[in-house]
2 protein chains.
Amino acid sequence: MEMSLKKLINIFLLAFILFLVLYAKKIIGIIDVITGKSKKENTLDINNINQNLVKSENAIQGELSLIGEQMQKEIDEGKRHDFDKIVFCNIGNPQAVGQKPITFYRQVLSLLEHPELLDETNIESLYPKDVIERAREYLEKSKFGVGAYTNAQGFEFILDDVAEFIEKRDGYKSNTTNIFLTNGASEGIQMIFITIIRNKRDGILIPIPQYPLYSDTITLLGGTEIHYYLDESKGWGISMEEIKNNVKSARLRGINPRGLVVINPGNPTGQILEIENMKEIIEFCHKENIVLMADEVYQENVYAEGKKFISFRKVLYDMGEEYNDVQLISFHSVSKGFLGECGHRGGYFELVNINPEVTEQIYKLASARSCSNTLGQLMVSLMVRPPKEGGPSYDLFQEEKYNILNELKERSILLAEEFNNIPGLQCSVPQGAMYIFPNIDLPEKFIEEAKKLGKEPDFLWCKYMLEEAGIVLVPGSGFGQKPGTYHFRSTFLPDKDTLRGAAYRMKAVQEKILEEYS
Amino acid sequence: MEMSLKKLINIFLLAFILFLVLYAKKIIGIIDVITGKSKKENTLDINNINQNLVKSENAIQGELSLIGEQMQKEIDEGKRHDFDKIVFCNIGNPQAVGQKPITFYRQVLSLLEHPELLDETNIESLYPKDVIERAREYLEKSKFGVGAYTNAQGFEFILDDVAEFIEKRDGYKSNTTNIFLTNGASEGIQMIFITIIRNKRDGILIPIPQYPLYSDTITLLGGTEIHYYLDESKGWGISMEEIKNNVKSARLRGINPRGLVVINPGNPTGQILEIENMKEIIEFCHKENIVLMADEVYQENVYAEGKKFISFRKVLYDMGEEYNDVQLISFHSVSKGFLGECGHRGGYFELVNINPEVTEQIYKLASARSCSNTLGQLMVSLMVRPPKEGGPSYDLFQEEKYNILNELKERSILLAEEFNNIPGLQCSVPQGAMYIFPNIDLPEKFIEEAKKLGKEPDFLWCKYMLEEAGIVLVPGSGFGQKPGTYHFRSTFLPDKDTLRGAAYRMKAVQEKILEEYS
């Protein structure tokens with residue numbers, strides 16, 4: 001009896017020690033708080049702020065972009081003379097590299113900012129009639145103009161506009177309760193990720209290469225990225241084999257794949273998915289119960305002959321009722337297409353087959369920031385409801401739209417040709433979006449030098465291109481790529497002469513690199 | 001020997017069992033993932049999304065607001081005749097209840113949306129000269145107009161404008177590297193909380209009552225609220241005793257107090273802090289190493305005689321170099337003041353005494369959403385740099401500004417008087433901001449009925465007021481209050497006749513309640 005009591009005590013002692021060991025870090029933390037020791041370490045520094053934030057990265061507006069801006073400033077101030085100007089090909093920001101806004105859109109918005117203009121006697125000599133009508137319509141429907149908070153989803157009449165646009169595009173009815181207007185697509189993506197991700201065991205499948213907002217947001221929220229590689233040899237296509245394998249191996253590591261991100265048309269890779277491929281993806285999400293997140297912000301940017309944008313929503317509904325359990329969220333934006341209205345921060349997302357209880361939670365999240373900005377919301381309405389045929393603005397609108405899209409198409413062909421002319425670079429003509437993503441065949445010695453400097457080889461290469469050719473690019477490592485391969489992303493937004501000039505200088509720099517490092 | 005081996009095995013077995021027990025939930029989760037069982041439960045529902053989101057609340061745009069909107073719709077459609085209109089006093093949204101925008105601001109923005117107007121020959125008959133000049137200046141400085149992304153902090157020239165405004169206000173130099181332009185103050189507050197909060201042991205001190213964005217954001221990020229009650233008997237003043245006690249007791253519970261939120265002028269309570277009180281708060285933050293977050297969005301909304309807004313930043317710098325370790329973040333917005341430009345979603349925050357390494361991380365966070373909307377940024381510039389004395393817009397601007405602020409002051413006095421005339425309500429005249437927060441003395445039987453219905457008593461009271469007096473209020477329980485006390489928040493934004501009419505109806509309803517439940 002005595003013996004067994006001793007045993008019991010031993011056991012408890014042991015359990016207690018084990019508990020201490022397992023929870024040591026937490027316990028020490030709590031003791032530090034109780035004794036007030038932790039307050040000495042509370043001054044915000046890199047070690048005691050949100051470590052998920054510290055871990056996240058920022059490829060697009062990163063180091064090279066800052067150096068480029070500094071160089072441009074020196075040129076503006078007359079302190080630098082090696083380049084006429086720095087060519088910014090790092091960011092899909094069309095109006096920063098010469099694209100003009102669509103006249104109709106801006107005319108309407110100017111009247112909404114200052115509705116008293118509508119009372120001017122000569123207003124019809126200043127604005128086309130359909131602009132005036134549209135502005136009057138918006139003012140009446142918005143009730144309070146652009147200066148008041150809207151509800152959390154956005155102006156109701158714009159939700160109607162978006163629903164109608166989606167219905168017309170896809171041939172299936174859309175319900176306004178499922179549409180949320182956002183400050184650009186980015187905010188919508190962040191809101192959906194906040195809703196889904198609970199902890200590091202929640203995994204989100206993202207393409208590699210990908211637009212880094214996805215990986216950054218997952219890191220920030222403490223979830224886990226599950227990568228699937230796009231197949232460069234097949235024009236950056238999506239292989240179901242690759243996705244299935246990665247889902248399987250994620251599960252074996254205890255990671256629960258809950259969401260799948262598809263960017264179509266692709267960023268940074270510019271490919272446009274085939275219907276068959278989209279069907280496979282939906283089939284997979286159906287079978288595996290994975291939420292499909294479709295980044296469709298480049299839906300107007302389709303250049304390749306015979307290619308056409310089709311929304312995941314349409315393909316899903318086309319597949320029949322059996323697939324009505326596939327949860328889909330689709331994102332769109334005013335920043336891309338032929339508008340390029342990045343500064344207005346307008347966008348929307350639509351929830352498809354999402355449980356209304358969950359929609360209510362997303363509404364709550366949206367209402368925490370009151371609403372998205374009203375001008376951005378109105379830009380969304382203008383995007384989905386362009387001037388009507390026969391109206392006085394129609395011809396100019398069509399011309400502006402055609403010119404922008406046609407220019408983008410021509411530039412994409414031009415830039416692919418120019419890049420393929422540079423030794424060591426290889427790429428195909430992008431089918432859509434605003435980017436080209438060439439492969440760089442780097443000399444071994446160059447790779448070694450980069451590693452010695454603790455830099456990614458393609459980062460070092462892009463840095464050379466900035467310093468010696470005056471062009472800002474984003475290294476492939478910022479988007480992810482197969483180990484041992486190197487790439488960079490360039491927009492084809494600047495005008496042709498600028499692109500030709502930049503490619504010409506890049507060729508010279510690359511020849512120098514090859515000579516030096518071979 | 002054999003005995004002790006047995007013992008050892010027993011011990012390991014025990015340790016293993018203990019491990020299983022402690023980690024049971026996690027282990028089962030991982031097994032479910034590995035076996036693919038969890039995929040069946042992956043369809044998004046209220047139980048498997050982010051539970052912090054589910055826990056967070058939404059008082060301002062909550063249930064009553066939705067009912068109110070529905071009622072207004074029925075009135076608009078001629079289906080409802082009990083009220084001429086619903087009076088929305090639930091949200092600080094001035095332009096939704098009749099406030100007109102400042103002409104100068106909107107004129108400038110209209111030119112920025114459509115700069116071609118500047119080429120019209122009769123432009124000077126349409127716009128005052130200083131509007132044209134300002135628009136030209138902005139277009140030149142912005143380089144690409146309003147359609148391009150700016151850098152993550154915002155247009156550099158607007159950061160300059162803000163720094164100059166702060167310097168002029170406080171008498172101490174401000175550095176643009178510490179200023180970030182945001183989509184309203186809300187986004188800034190969320191960004192700072194994301195940076196600071198790591199887990200549930202990180203506590204943020206918030207006043208009770210408070211603007212619920214604070215509690216909601218802390219809940220969403222998984223941190224812990226540490227409440228400090230404002231003293232209603234002393235005009236909702238801040239008691240250091242209260243703060244100190246709550247910090248102490250939080251530490252004893254293992255919660256590390258890292259941030260202190262002060263709203264000045266107060267929301268929902270309208271008080272303006274005395275300098276002495278502000279000094280104590282700074283002293284406390286200095287001693288306890290707590291980041292001070294100053295919500296100063298109502299800095300222009302000061303009505304009480306002899307009262308003046310002074311920024312925490314000025315008080316901090318006035319206290320001398322010794323206090324240069326106090327970390328302060330101050331928030332401002334274009335939504336309040338006399339602008340009320342909520343829909344434009346413009347705001348900024350300034351970091352004071354924050355480690356540059358941390359600022360860099362905040363920059364990264366800001367760049368994830370590319371930039372805040374450009375029109376909102378420009379509205380910030382206009383707010384901090386109004387038309388110049390002597391210019392053609394100056395007199396109208398002064399008149400508009402004076403009228404709005406004077407009206408707000410008169411309405412605050414009127415509404416306090418009206419509410420104090422309603423039996424059971426008690427309040428003092430707000431010193432500032434846009435809200436009044438009366439105490440409701442509720443009959444015991446009413447409280448019991450509410451509890452039977454599972455509702456907060458002041459929610460039920462506000463619901464009566466909506467249904468029978470046609471006014472949308474926010475119950476005190478949405479902001480927090482001392483247990484056993486009941487309040488509501490009302491804006492004083494609608495015009496005087498509307499407020500008088502609403503108060504008249506509220507009085508009748510309250511008399512009915514008192515009769516029925518006494």
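**Helices, symmetry and salt bridges in a predicted two-chain model**

In chain A, helix H2 (residues 24–34) has A:Gly29, A:Asp32 and A:Val33 among its buried residues, where buried means under 20% relative accessible area, exposed over 50%, and partly exposed in between (1.4 Å probe, protein chains only). Viewed down the axis of H2(A), the buried residues fall within an arc of 100°, so they line one face of the helix; the arc is taken from the directions between the helix axis and the C-beta atoms. Their cover includes helix H11 (240–252) and strand S5 (256–263) of chain B. After H2(A) comes A:Gly36, with a positive phi near 80°. Helices (H or I, at least four residues) and strands (E, at least two) are DSSP runs, numbered from the N terminus.

This is a predicted model, in which local features need pLDDT of at least 70 and side-chain atom pairs count only at pLDDT 80 or more, while totals for chains, interfaces and linings use all residues. Residues are numbered from 1 along each chain as its sequence is written, chains are lettered from A and ligands numbered from 1 in the order in which they are written, and side-chain values use heavy atoms, with hydrogens and water left out.

How are the two chains arranged? A turn of 180° and a shift of 0.0 Å along the axis lay chain A on chain B with an RMSD of 0.1 Å. The two copies are thus related as by a two-fold rotation axis. Within chain A, A:Ser110 has the C-alpha nearest the axis, 2.0 Å from it. The superposition is by least squares on the C-alpha atoms of residues with pLDDT of at least 70 in both copies. Of the interface residues of chain A, 100% are also interface residues in chain B, so the copies meet through the same surface; contact here means heavy atoms within 4.5 Å.

Both chains also contribute to a nonpolar patch on the surface. A:Phe16, A:Phe19, A:Leu20 and A:Leu22 join B:Phe16, B:Phe19, B:Leu20 and B:Leu22 in this patch, with about 650 Å² of accessible area together. Helix H1 (2–22) of chain A and helix H1 (2–22) of chain B each supply at least two of its residues. One of the members, A:Phe19, sits in helix H1 of chain A and counts as partly exposed, at 33% relative accessibility. Patches are made of residues with over 30% relative accessible area and no salt bridge, with like charges joined within 9 Å and nonpolar side chains (Val, Leu, Ile, Met, Phe, Trp, Tyr) within 5 Å. Accessible areas come from the Shrake-Rupley method with a 1.4 Å probe, and for residues only the protein chains shown count as cover.

Salt bridges (a side-chain nitrogen of Lys or Arg within 4 Å of a carboxyl oxygen of Asp or Glu) come to 58 over all chains. One of them pairs A:Arg313 with A:Glu350 (3.0 Å, N to O). A:Arg313 lies in helix H13 (residues 312–318) and A:Glu350 in strand S8 (residues 347–352) of chain A, so the pair ties together parts that are 37 residues apart in sequence. A:Arg313 counts as buried at 1% relative accessibility, and A:Glu350 is buried at 3%.

In chain B, B:Arg500 forms a salt bridge with B:Asp497, the closest N and O atoms being 3.2 Å apart. The two residues are three apart in helix H19 (residues 496–517) of chain B, and are therefore separated by about one helical turn. B:Arg500 is partly exposed at 36% relative accessibility, whereas B:Asp497 is exposed, with a relative accessible area of 59%.
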